[in-house]
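Student: I would like to take a close look at a single part of this structure, one strand and what lies around it, and then see how other parts of the chain are put together. Could you lead me through it slowly, step by step?

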Amino acid sequence: MVATTSMPGTMQRRQFLKAGAVLAGGGLLSACEPAVKALEGGFTGIQMDRGHALRDRLKRGGAALEPAVVHRTQVVIAGGGVAGLSAARSLRLAGVNDFVLLELEDQAGGNSRGGQVKGIACPLGAHYLPVPGDDTHEVQDFLEELGLRKRVSGRWQYDEMTLCHSPQERLFFDGHWQEGLLPMQGVQPATLQQYQKFSALVGALSREAPFTMPTMKSWMHGRSLPAAHLALDAITMETWLAQNGLDDPQLRWYLDYSCRDDYGAGLSRVSAWAAIAYFASRHGFHAPGDDNNGNSNSNQDDAERDSVLTWPEGNGWLSKQLAAPLQSGGQLRVGSSVLRIAETRDGVEVDVHNASADRIERWVAQRCVVALPVFIAARVVQSAPDFLLQAAQRLHWAPWLVANIHIDGPLADRQGAAPSWDNVLFADEVAGGLGYVDAGHQRLDPRPAPTVLSYYQALGDLKDARRLLSEQSWTYWRDPIMASLSRVHPDLSERATRMEITRYGHAMAIPMPGDQAFLSRIGVQAAQDQRFALSNGERVPLTPTPTAGRLSFAHADWSGYSVFEEAFTRGFSAGGLASLSL
């Protein structure tokens, strides 16, 4: 979900893309709550049994891990999320094609995968990419390669069809839909003052020590986090708000939503550093009537950079582009559960379970890029380095749920702002509810048509959420979602034809107090100021990459939270480091 505030005028030049679109009719709900009829569907997207089988084989050991066949290659990439796919891309750009990427699921992409419900593409996880800033040149280069970014008359422009069309976002607040996600309908002057105060504080902190995306670029040259960032990293956002006298309920709801949206947990768990970085490194914070107080979003160019890129299948579209050359080149091996990674005298051994053949296979390589979540890497890496074991013990992960709801036509709506791409309910009654995005929003055809609503739940604050995801039936999650959305869309139960739910037991690391200080110390253990050569002759600087012998570690976990830019940059540098060692 995207948690920026409304940006009047930002999308006006793309309004023509949605001109003539038919908006759903509105109507008030009756005094009684609407009945929710039974809806077909089930779980999809994640092979939980396959992951558990991996765990069980590790427990049994012995003959259960004996390989039936041995393969050889130069580099093994363990893990096919965004970091692993990016590592593969950097190897290819460095002229290294003798490698293999091993992925547990049947589709690469991690939590940036897409799917379909009744033939309509929809996201199974992450669903947007903010227009990348200047610190994210690795991502910028990738988008340029895809033709989504090009220089026109000396200025960078992004593909109009991919930039999110207007209207972009709305909030159901105080009985009405309003534009933007910052509560505004009928709020008191004291609330507006706190919005402006928070904006001013974000601007001041940004000027004192700039926040970057990806994170490691804010400290890699100084070899440590700035002191101002360390101070924020030491406390929760809830504590920081209290220290600064920010107690307005609407502001706190919005900031809690923002933290759950990007980090999977709310103000009481997320560090103040992470909550501030959400705005200072990516979106900015736009208080009504404020002059940006030094924030970096004070003109049209900066407003454009606050825009997001999105596709019907979300970031699954990007993952497909990264995976396509690996599929054609035979380097992508899906259905391959990594069981063991061990350094030997001459290289690295990686044992995997091949699901389709139901056998253990061994890959012998010179180098291994470990692009697995930290808690899994700590289980499968033999004689694991201390920093990996410490990270696995320290970090905490948020479970997530994505419910894709197929509807056969436009929904009736409450009065207020028009249907948007991103639709959020203030104080959603569903635990961890973040609202929904419309997978059909980027369509240009104005005729009414079926679509898929992708509803998100961040479950990092829900007790026993991981166990509930594993043990409860899909209807346990279906019914509260349908009841909540039916309060604002009274005909949802009539329009909905199917719901498919994707579960993530460990979707993303939650950036808690002290995590950044800990992770930045790990990062500087890697070799600094190195560059690797691309096939076009360009020499690219490496960002800090945790390493141990022949192993390079690449995953968004090493940044302490999961966003595309972090995973992509870490994977790209880990692949580059591996190419230097061949």
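**A strand and its surroundings**

Tutor: Of the 582 residues of the chain, 59% count as buried, and you should keep in mind from the start that this is a predicted model. The chain has 17 helices and 26 strands, and among its contacts with a separation of 6 or more, 76% are between residues that lie 24 or more positions apart.

Let us begin with strand 4, which covers residues 99–102. In a regular strand the side chains alternate between the two faces of the sheet. In strand 4, Phe99 and Leu101 are on one side while Val100 and Leu102 are on the other, and these four residues are all buried, which leaves both faces of the strand covered.

Which strands pair with strand 4? One partner is strand 3, residues 75–78, and the two pair in the parallel sense over four bridges; within this pairing, Ala78 has Leu102 of strand 4 as its bridge partner. Strand 3 and strand 4 also belong to a right-handed β-α-β unit, whose helix is helix 2, residues 82–93. Another partner is strand 13, residues 332–333, which pairs with strand 4 in the parallel sense as well, here over two bridges, and in this pairing Leu332 of strand 13 stands opposite Leu101.

Strand 13 also holds Arg333, and this residue deserves a closer look. Is Arg333 buried or exposed? Its relative accessible area is 33%, so Arg333 is classed as partly exposed, since that class lies between the limit of under 20% for buried and the limit of over 50% for exposed. When residues up to four places away in sequence are not counted, Arg333 touches Val100, Leu101 and Leu102 of the neighbouring stretch, together with Glu103 and Trp363. Arg333 also shows how the fold joins separate parts of the sequence, for Arg333 and Asp106 are 227 residues apart in sequence, yet their C-alpha atoms are 8.8 Å apart in space.

From here we can turn to an open sheet formed by four strands in the order 2-16-15-14, with mixed pairing. Strand 2 (69–72) and strand 14 (336–343) stand at its edges, and because each has a single partner strand, one side of each is left without a neighbour in the sheet. On average, neighbouring strands of this sheet are turned by 25° against each other, with direction ignored. Inside the order, strand 15, residues 348–354, and strand 16, residues 359–365, run antiparallel and are joined by seven bridges, and the bridge partner of Val348 in strand 16 is Ala365.

Another antiparallel pair is made by strand 5, residues 114–117, and strand 6, residues 120–123, with four bridges between them; here Gly114 has Pro123 of strand 6 as its bridge partner. Strand 5 and strand 6 form a hairpin with two residues between them, and in the turn Lys118 has a positive phi of about 50°.

The helices bring in another kind of packing. Two packed helices are described by the angle between their axes and the distance between the axes. For helix 4, residues 189–208, and helix 7, residues 249–263, the angle is about 45° and the axes are 8 Å apart, and the two helices are therefore oblique to each other. Helix 4 contributes Thr191, Gln194, Tyr195 and Phe198 to the contact, and helix 7 contributes Gln250, Leu251 and Leu255; by class, these residues are four nonpolar, three polar and no charged.

Helix 3, residues 137–145, packs with helix 17 at an angle of about 95°, with the axes 9 Å apart, and these two are therefore roughly perpendicular. Their contact is made by Glu138, Val139 and Phe142 of helix 3, and by Phe564, Glu565, Phe568, Thr569 and Phe572 of helix 17, with five nonpolar, one polar and two charged residues in the contact.

Helix 17, residues 564–580, is also the place of Ser573, which is buried, with a relative accessible area of 1%. Leaving aside its neighbours within four places in sequence, Ser573 is in contact with Leu542, Thr543 and Thr545, while Ser573 and Pro544 are 29 residues apart in sequence and 7.7 Å apart in space, from C-alpha to C-alpha.

Methods
Residues are numbered from 1 along each chain as its sequence is written. This is a predicted model: local features need pLDDT of at least 70, side-chain atom pairs count only at pLDDT 80 or more; totals for chains, interfaces and linings use all residues. Side-chain values use heavy atoms; hydrogens and water are left out. Buried means under 20% relative accessible area, exposed over 50%, partly exposed in between (1.4 Å probe, protein chains only). Two strands pair if DSSP finds at least two bridges between them. A crossover is right-handed if, with the strands pointing away from the viewer, the path from the first strand over the helix to the second runs clockwise. Axes are lines fitted to C-alpha atoms, for helices over the stretch in contact, and angles run from 0 to 180 degrees between N-to-C directions. Angles under 35 degrees count as roughly parallel, over 145 as roughly antiparallel, 65 to 115 as roughly perpendicular and the rest as oblique. Contact means heavy atoms within 4.5 Å. Ala, Val, Leu, Ile, Met, Phe, Trp, Tyr, Cys and Pro count as nonpolar, Asp, Glu, Lys and Arg as charged, and the others, Gly among them, as polar.
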